[in-house]
Amino acid sequence: MVDIASSHSIFTFMDGSSGYNQIKMAPKDEKFTVFRTPIGVFYYKVMSFGLKNAGATYQRAVTVIFDEFIHEQVECYVDDLVEFYFDGASSIKSLRPYETPVVRVGLGLVFVSLEGHTLRYSYSLSGPHTNNEAEYEALIVGLELAIQMSIVRVKIFGDSQLIINQVAGIFKVLKPELLPYHNKTMELLCLIPEVTLVRVPRSENGRADALAKFAKDLADPTGNPVSVVVQYRQALCPADLSSPGQTLTV
C-alpha cells in the first residue's frame with residue numbers, strides 16, 4: 001500500500017472499519033448469530049466483527065462499490081492476515097484386495113483466521129502424481145481458495161523444503177514436469193497483495209497432513225464426495241469396563 005501511494009502527489013485516507021456494520025446479514029443466516037444476555041436473546045441483522053469470513057465479505061463489497069476506481073484513484077485494503085497450511089500425499093495402493101495397485105493422491109488445506117476460525121479442505125486427485133506434484137497441487141488449490149475469498153494478506157506454511165524454496169526463488173526448478181506447477185503458482189501469487197512463505201517441520205503441519213492422507217486413503221473410487229463427522233466421546237471409566245455383578249478392586 002505504501003508503494004502504491006508513493007507515486008501520487010495527494011493522499012487521503014478513510015478508515016472504513018466501521019463499514020462492517022453496514023453489511024446486512026442474509027435473513028436465512030441471521031439465526032446463526034444468536035447470542036444470549038441477562039436481559040434476553042438477540043441476533044445480528046448486520047455483519048459483526050468476529051464472524052467467520054467477515055473480512056473477505058467486506059473486501060468483496062468495497063471492491064464492487066469502487067470497481068471502476070480500483071488501482072486508479074482508490075485502493076481498498078482490509079487488514080486481516082490469514083494463515084493457511086498445505087500438504088500433499090501420494091502413494092501406490094490397491095483400492096480392494098487382489099486388485100492392481102494404483103496411484104492415490106490426496107491434498108489437505110487448513111485456513112486459520114486472526115480470530116482463530118478454522119476452515120478445513122480435503123481433496124482427492126485423479127491420475128498419477130508424484131509427492132512433489134501433489135504438494136504443488138495443494139498449494140495451487142489453497143491459493144485459488146484464498147483468491148476466491150478475497151484474502152489480501154496470507155502467511156503460507158508447508159513442510160516441503162523443495163516446494164517452499166522453489167517458490168521463494170531460493171532453489172531452481174530443475175525437473176521439467178514441475179515447471180508448469182511452479183509457473184501456475186507464481187501466477188496466482190501475483191494476485192494476492194501480501195504473501196509470506198514459511199517452511200515448517202512435518203510435526204507442525206499435522207492437520208493438513210491428516211486431511212491429505214484422509215483424501216488419499218478414504219476417497220470414493222466413483223468420485224463422489226465423502227463426508228466425515230468427528231465427534232467427541234467420554235472415555236470409559238473403570239466402572240464402565242467391569243462386568244455386571246463383578247466387584248472391581250482398584
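## Exercises on a predicted model

F35 is partly exposed, with a relative accessible area of 32%; this value belongs to a predicted model.

**Exercise 1.** Determine in which strand F35 is found and which residues make the nonpolar surface patch of about 400 Å².

*Solution.* Begin with the secondary structure, where F35 is found in strand β1, which covers residues 35-37. Next, recall that a patch takes residues with over 30% relative accessible area, and that F35 has 32%. Finally, list the members: F35, I39, F42 and Y44 make this nonpolar patch.

**Exercise 2.** Describe how the largest nonpolar core is assembled and which of its residues touch the most other members.

*Solution.* The core holds 28 residues, of which F84, F86, F111, L139, L143 and I156 touch the most other members. Then assign the core to elements: at least two residues each come from β3 (81-93), β4 (102-112), α3 (131-148), β6 (153-158), α4 (161-168) and α5 (179-189). The greatest contribution, 9 residues, is that of α3. Another core of 7 residues lies apart from the largest one, and V110, V112, V200 and A208 are among its members.

**Exercise 3.** Find the secondary-structure pattern of the chain and the share of its residues that count as buried.

*Solution.* Counting elements gives 7 helices and 7 strands, which, read along the sequence, follow the pattern α-β-β-α-β-β-β-α-β-α-α-β-α-α. Turning to burial, 33% of the 250 residues count as buried. For the surface, the chain exposes about 16700 Å², with carbon and sulfur atoms supplying 57% of that area.

Conventions:
Residues are numbered from 1 along each chain as its sequence is written. This is a predicted model: local features need pLDDT of at least 70, side-chain atom pairs count only at pLDDT 80 or more; totals for chains, interfaces and linings use all residues. Side-chain values use heavy atoms; hydrogens and water are left out. A nonpolar core is a set of buried Ala, Val, Leu, Ile, Met, Phe, Trp, Tyr and Cys residues joined through side-chain atoms within 4.5 Å. Buried means under 20% relative accessible area, exposed over 50%, partly exposed in between (1.4 Å probe, protein chains only). Helices (H or I, at least four residues) and strands (E, at least two) are DSSP runs, numbered from the N terminus. Patches are made of residues with over 30% relative accessible area and no salt bridge: like charges are joined within 9 Å, nonpolar side chains (Val, Leu, Ile, Met, Phe, Trp, Tyr) within 5 Å. Accessible areas come from the Shrake-Rupley method with a 1.4 Å probe; for residues, only the protein chains shown count as cover. A salt bridge is a side-chain nitrogen of Lys or Arg within 4 Å of a carboxyl oxygen of Asp or Glu.
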